[in-house]
Amino acid sequence: MQLSVDPAAATPPYEQIRAQIAEQARTGELPTGLRLPTVRALAEELGLATGTVARAYRELEADGVVETHGRRGTLIAATGDTAHRLAAVAAGEYAERASRLGLSRQDALAAVVTALGLAYPEA
């Protein structure tokens with residue numbers, strides 16, 4: 001697993017780690033079931049605080065990219081189904097909240113389009 005952190009970047013180190021692991025898992029460079037280094041080992045390797053790496057791992061787990069199995073460690077999850085399921089849950093929660101706020105369907109969709117434009121600026 002190849003990771004690098006640029007301390008001068010505007011993106012926080014935990015997010016740099018999260019993004020790199022997520023991308024490598026998505027492309028298959030990190031195969032399903034691969035055991036990631038311990039938080040302590042990766043923090044030492046990258047010269048970071050353990051809390052920084054722990055936050056990246058927590059966010060990866062929340063996104064369904066990794067699974068933590070106690071003494072077996074943190075493993076790359078089968079993300080295809082998990083990612084779609086989590087996205088569907090988030091979309092449903094957004095739709096319910098937009099409705100409670102009294103937004104029209106058109107206004108709710110416009111907010112999503114704006115947010116996607118911010119999240120995916122290259123599109």
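This passage describes the fold, one helix, the salt bridges and a surface patch of a predicted model.

The protein chain has five helices and two strands. From the N terminus on, these elements run α-α-α-β-β-α-α. The two strands thus sit between the third and fourth helices in the order along the chain. The C-alpha atoms fill a box of roughly 50 × 35 × 25 Å, taken along the principal axes. The chain has 123 residues, and 25% of them count as buried. The protein chain exposes about 8,300 Å². Carbon and sulfur atoms supply 54% of that area. Contacts between residues at least 6 apart in sequence were also examined. Of these, 45% join residues at least 24 apart.

Helix H1 covers residues 13–27. Its 15 residues should span 21 Å at 1.5 Å a residue, and the C-alpha atoms at its ends are 21 Å apart, so the expected and computed spans agree. Gly 28 follows H1, and its phi is positive, near 90 degrees. The buried residues of H1 are Tyr 14, Gln 16, Ile 17, Arg 18, Gln 20, Ile 21, Ala 22, Gln 24 and Ala 25. Polar and charged residues are therefore found among them, as Gln 16 and Arg 18 show. The buried residues of H1 pack against three elements: helix H2 (39–46), helix H3 (50–62) and strand S2 (74–76).

Gln 16 offers a closer view of H1, the helix in which it lies. Its relative accessible area is 10%, and residues under 20% count as buried, so Gln 16 is buried. Its side chain reaches the backbone nitrogen of Asp 6 at 2.8 Å. Asp 6 is also among the residues that Gln 16 touches. The others are Ser 4, Val 5, Ala 9 and Thr 11, leaving aside residues up to four places away in sequence.

Salt bridges come next. A search of the whole structure finds four of them. Arg 18 forms one with Glu 15, and the closest N and O atoms are 2.6 Å apart. These two residues are three apart in helix H1, which means that about one helical turn separates them. Arg 18 is buried, because its relative accessible area is 17%. Glu 15, at 21%, counts as partly exposed. The 20% cut-off therefore falls between the two partners. Glu 15 and Arg 18 also belong to a network of salt bridges that takes in Asp 63.

Helix H1 holds another pair. Glu 23 forms a salt bridge with Arg 26, with 2.7 Å between the closest N and O atoms. Both residues lie in H1, three residues apart, or about one turn of the helix. Glu 23 is partly exposed, with a relative accessible area of 36%. Arg 26 is exposed, at 57%.

Helix H3 contributes a further pair. The side chains of Arg 55 and Glu 59 meet in a salt bridge at 3.2 Å, N to O. The two residues are four apart in H3, so about one helical turn separates them. Arg 55 counts as partly exposed at 35% relative accessibility. Glu 59 counts as partly exposed at 25%. The spacing of such pairs fits a general rule. An α-helix has 3.6 residues a turn, so residues three or four places apart point the same way.

Asp 63 also serves as a reference point for helix H4. Ala 87 lies in H4, which covers residues 79–100. Ala 87 and Asp 63 are 24 residues apart along the chain, and their C-alpha atoms are separated by 9.2 Å. At 46% relative accessibility, Ala 87 counts as partly exposed.

The surface also carries a nonpolar patch. Tyr 94, Leu 101, Leu 103, Val 112, Leu 116 and Tyr 120 form it. Together these residues have about 550 Å² of accessible area. Leu 103, one of them, is found in the loop between H4 and helix H5 (105–119). Its relative accessibility is 38%, so Leu 103 counts as partly exposed.

Methods: Residues numbered from 1 in each chain as written. Predicted model: local features only at pLDDT ≥ 70, side-chain atom pairs only at ≥ 80, totals over all residues. Heavy atoms only, no water. Expected span 1.5 Å × (residues − 1). Buried < 20%, exposed > 50% of the residue type's maximum accessible area, 1.4 Å probe, protein only. Contact = heavy atoms within 4.5 Å. Polar contact = N/O pair within 3.5 Å; in protein donor to acceptor, adjacent residues only side chain to side chain. Salt bridge = Lys/Arg side-chain N within 4 Å of Asp/Glu carboxyl O. Patch = residues over 30% accessible without salt bridge, like charges linked within 9 Å, V, L, I, M, F, W, Y side chains within 5 Å. Areas by Shrake-Rupley, 256 points an atom, 1.4 Å probe, with all protein chains shown as cover.
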